[in-house]
Amino acid sequence: MEYNFRAIEKKWQQQWKESHAYKVSNDSPKPKCYVLDMFPYPSGAGLHVGHPLGYIATDIYSRYKRLKGFNVLHPMGYDAFGLPAEQYALETGQHPAVTTTQNIKAFREQLDNIGFCYDWDREVNTSDPSYYKWTQWIFLQLFESWYNRINAKAEPISTLTAIFEQEGNSRHACPGDRQRTFTAAEWKNYSEKEQREVLMQYRLAFLDYAEVNWCAALGTVLANDEVINGVSERGGFPVVKKKMRQWFLRITEYADRLLTGLETVNFSDAMKEMQRNWIGKSQGAEVTFSVKGSDHTIEVYTTRPDTIFGVDFVVIAPEHELIQQITSAEQKAEIEKYLEYVQSRSERERMADVKQITGCFTGAYAINPLNGHEIPVWTAEYVLAGYGTGAVMAVPCGDQRDFSFARHFNIPITNIIGDAFNGEEANPTKDAKLQNSGFLDGMDMKPAMDAVIDKLEEMKIGKRQINFKMRDAGFSRQRYWGEPFPIVFKDGIAYPLDEKDLPLELPHVDQYKPGEEGEGPLANITDWVNVAPDVKRETNTMPGYAGSSWYFLRYMDPHNSTTFADRKATDYWNQVDVYVGGTEHAVGHLLYSRMWTKALYDLGHIGFDEPFKSLINQGMIGGSSRLVYRIRGTQQFVSHGLKDQYETDPLHVDVNIVDGLELDMEAFKKWKADYAEATFILEDGKYICGVLLEKMSKRLFNTVNPNDLVNKFGADTFRMYEMFLGPVEQSKPWDTKGIEGVHRFLKKLWRLFADENKGLIVTNDAATPEELKILHKTINKIDGDTSSFSYNTAVSQFMICVNELATMKCNKRAVLEPVLILLTPYAPHFAEELWHLLGNTTSILDAAYPVYDESFTKESTFNYPIAVNGKTRTEMGLPLDADNSALEKEVLASEVVQKWLDGKQPKKVIIVKGRMINVVI
RNA sequence: GCCCAGAUGGCGGAAUUGGUAGACGCGCUAGACUCAAAAUCUUGUUUCGGCAACGGAGUGCAGGUUCGAUUCCUGUUCUGGGCACCA
């Protein structure tokens, strides 16, 4: 009876499907556990071995928790809206819905092959109208809400209009327009249009004209995190600034809660740090500088108010409206020229040359409010209009950028930190004593910060101010393959669709070209756009992260047609206990879904305000490319070891036709027509390839399809090998060769149960103490490692256990059966097959997890390493219950220690019970 | 430039409240079985010296603390990731 993994895996996958073994109920007396994978975008390329790493990890965890008596939710679905499907549609004319369906089918087959325990009845697909109905519904919730800063939560817009009618907006500053104030009487006098325009400035989902990252090549606007170094993340096309009417989510209102919420979740420090950096909270002050000879004032934002006596100039952003008003007549032409130059600079250029210092003097002078000094006002592109107040006070002795600027334009530098400033570079210290600083002289910088702000507040020319780097999130795409907005415009005012009219389905189009003004393809369907003579639909669609911002909630109650998820279901499943996915979503997806969760919580739709209790970031699996060396100008290929004797060009070769390092030469000739005539120079009769570690990518011929490995070794081997590679969080290179070791392990374990000729050889004999010892050591190790996602060491322990049992020739049910249960999360088909061969009639998926009993692993003696001066010299088996003086006596008497003592007396003997003994001479 | 993480055999990696460095696997080595191959089993495998016993060195590099450091501290180099005119 051989280990016939193909038949076994097929049989049990079928059986589990028929018995609905993975069906999960929302109604269970068991404790719940929610284990989630970041759902994939179903690309046409399919899965390679890097993708399932996280899925296998969560699958093992889910099965483990189930064995431990939990009701485990472990769902899977598809993030199916997205650019590639649409790009593909543009190229081939195939409808994205069609290609997406095909891709999903292919993904599903690959996933099923690996034997995951997903409850497929709960599958979600973000492009399915029954799903995006609720994406649209949540969008309307955001549209119909505002953020009440006093209560620190989102509230329905009706509470805001009630406030306006009572007291205007005096206590609720307008987040979209800081200057805007009105009284209750004024509010009531506004026309409907005016009122709705005001409300738009408060809504959590709102329209605004804003400069956005316009990518002409993609015909779309990109989020900040989709633009890398001024080019689009996808495709690498240039991105420029363009003013467009866009939907936004007012995520900035949640900045503080997104920050403090991090303290309540279990993410890695690196992940939290990335989110903190993205949110970018800074504490400082706003200071008003008056402009000499005019009524204008300049508001600057600074995080270092303590350095205010070191201000040598003020810089305002080129986009700042004040520029036109304060520029002197003499500088007018110069400024115009500079502004024109800045206008011509794309974001990309401004980012590319960070070393280049540019700027222009406005001719105006500001007055330092604390010492009355007149200082020049400059404009420079390094100051951004969108951050803080769009103006900075420059302190060259303390800020390198200001220092370089002052040097470049010959602006005199004031030193306020004495010896701490060397005149050659700025010193951004916070630990110096202030000099040259009026009433701050002699003060330490840190307390001076508060002293300055107090003074400014007293003088009514400044105040404490907290700023965030984070901007509101752009929520429109000029694209077809996304959720349509449930919005119509009447007279240019946005109105929501009625809830009963959801979902607003994506209409069919025959072509995917952008609209005339760069709008999405929907703009071309005039009878869809024009609902009534003066009523038009929104033609943008939602971005990729819309559907993924709440999908974890839909899994809880996926077929509900009256709400996005029943409150009973969300209360039961609550937060995701473990979320596993790649770091690439560290900032975007996680922040958006955290914000949506908080908004839904504020509005009373769910009972928790952080979606993911803990997060594990799986490492990337790198590709291990194989290279062949072609002698230049020939079709002759030379083996790696001999290549230096020739002039060669390295070429990538498909890793699937290389066994370890040895090239399959016949397969190589067939691989590409170019190589049909290839000849080889061999070493030891073999062609040995070179190795290069790089990204796993089709282009580099280093991708490995899980299907091939499952075919060759079985899903159980594949699952265990992926885990055996190393810690889940760590990035590591793929090496197909190593899988054989894991496969051997499973076969070896199989042979403890069954013999090729005799069949099942398991006995009911009682286990020996040695057998029980290894069993319980294994139970302890596997239990601990599995619960902590340390699967690589768990697989090692299985191997150690099987090696020992094989040496003992142990075929006893009392030992093997518990091992089988331990193995179930890792190799479920294998375990279930043998479980049934042992005569069990129920499924091993619900077996009782073995319990560790320490009494079987207790030792009475310990093999102490005996060190002399810290260096291990020998080992001695000594009783664990002996007292120190007895141990010392025995150790000193030993031959080896005597040899090292060489007649001398030891200075000291250090005994760590159960660890080691060190003799100091 | 700033922030974070890391650096251990030929390779993936194991071991940190400071206590036998290199578990487990791959690869390689020698052997058994076989006409042969596959499969399986056995042997060795950090490195240097030595037939061996044994001894020297050894966790990126340089120091330090300690009876004892892969683990803690200081400095430094390199690699990976993130952020980047953010005031």
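This section describes a four-stranded sheet and the protein surface around RNA strand B in a predicted model.

The sheet is open, and its strands follow the order β35-β34-β37-β36 with mixed pairing. Its edges are formed by β35, spanning residues 871-879, and β36, spanning residues 908-912, each of which pairs on one side only. From one strand to the next, the twist averages 20 degrees. Strands of a sheet pair through backbone hydrogen bonds, in either a parallel or an antiparallel sense. The pairing of β36 with β37 (residues 916-920) is antiparallel and comprises five bridges. Within this pair, K908 is placed opposite V920 of β37. Helix α29, made up of residues 884-893, lies across β34 (861-868), β35, β36 and β37. The helix runs at about 125 degrees to β35.

The surroundings of RNA strand B include 53 residues, of which T303, R401, L725, R744 and N918 come nearest. By residue class, this surface divides into 20 nonpolar, 14 polar and 19 charged residues. On the RNA side, sugar or phosphate accounts for 62% of the atoms within 4 Å of the protein, and bases account for the rest.

Individual polar contacts with RNA strand B involve both backbone and side-chain atoms of the protein. A polar backbone atom of T303 is 2.4 Å from a sugar or linking oxygen of the RNA strand. For K469, a polar side-chain atom lies 3.5 Å from a sugar or linking oxygen of RNA strand B. A phosphate oxygen of the RNA strand is approached by Q730, with a polar side-chain atom at 3.0 Å.

Technical notes. Residues are numbered from 1 along each chain as its sequence is written. Chains are lettered from A and ligands numbered from 1 in the order in which they are written. This is a predicted model: local features need pLDDT of at least 70, side-chain atom pairs count only at pLDDT 80 or more; totals for chains, interfaces and linings use all residues. Side-chain values use heavy atoms; hydrogens and water are left out. Two strands pair if DSSP finds at least two bridges between them. Helices (H or I, at least four residues) and strands (E, at least two) are DSSP runs, numbered from the N terminus. Axes are lines fitted to C-alpha atoms, for helices over the stretch in contact, and angles run from 0 to 180 degrees between N-to-C directions. Contact means heavy atoms within 4.5 Å. A residue is near a molecule or strand if one of its heavy atoms lies within 4 Å of it. A polar contact is a pair of N or O atoms within 3.5 Å; within protein, one must be able to donate a hydrogen and the other to accept it, and residues adjacent in sequence count only if both atoms are side-chain atoms. Ala, Val, Leu, Ile, Met, Phe, Trp, Tyr, Cys and Pro count as nonpolar, Asp, Glu, Lys and Arg as charged, and the others, Gly among them, as polar.
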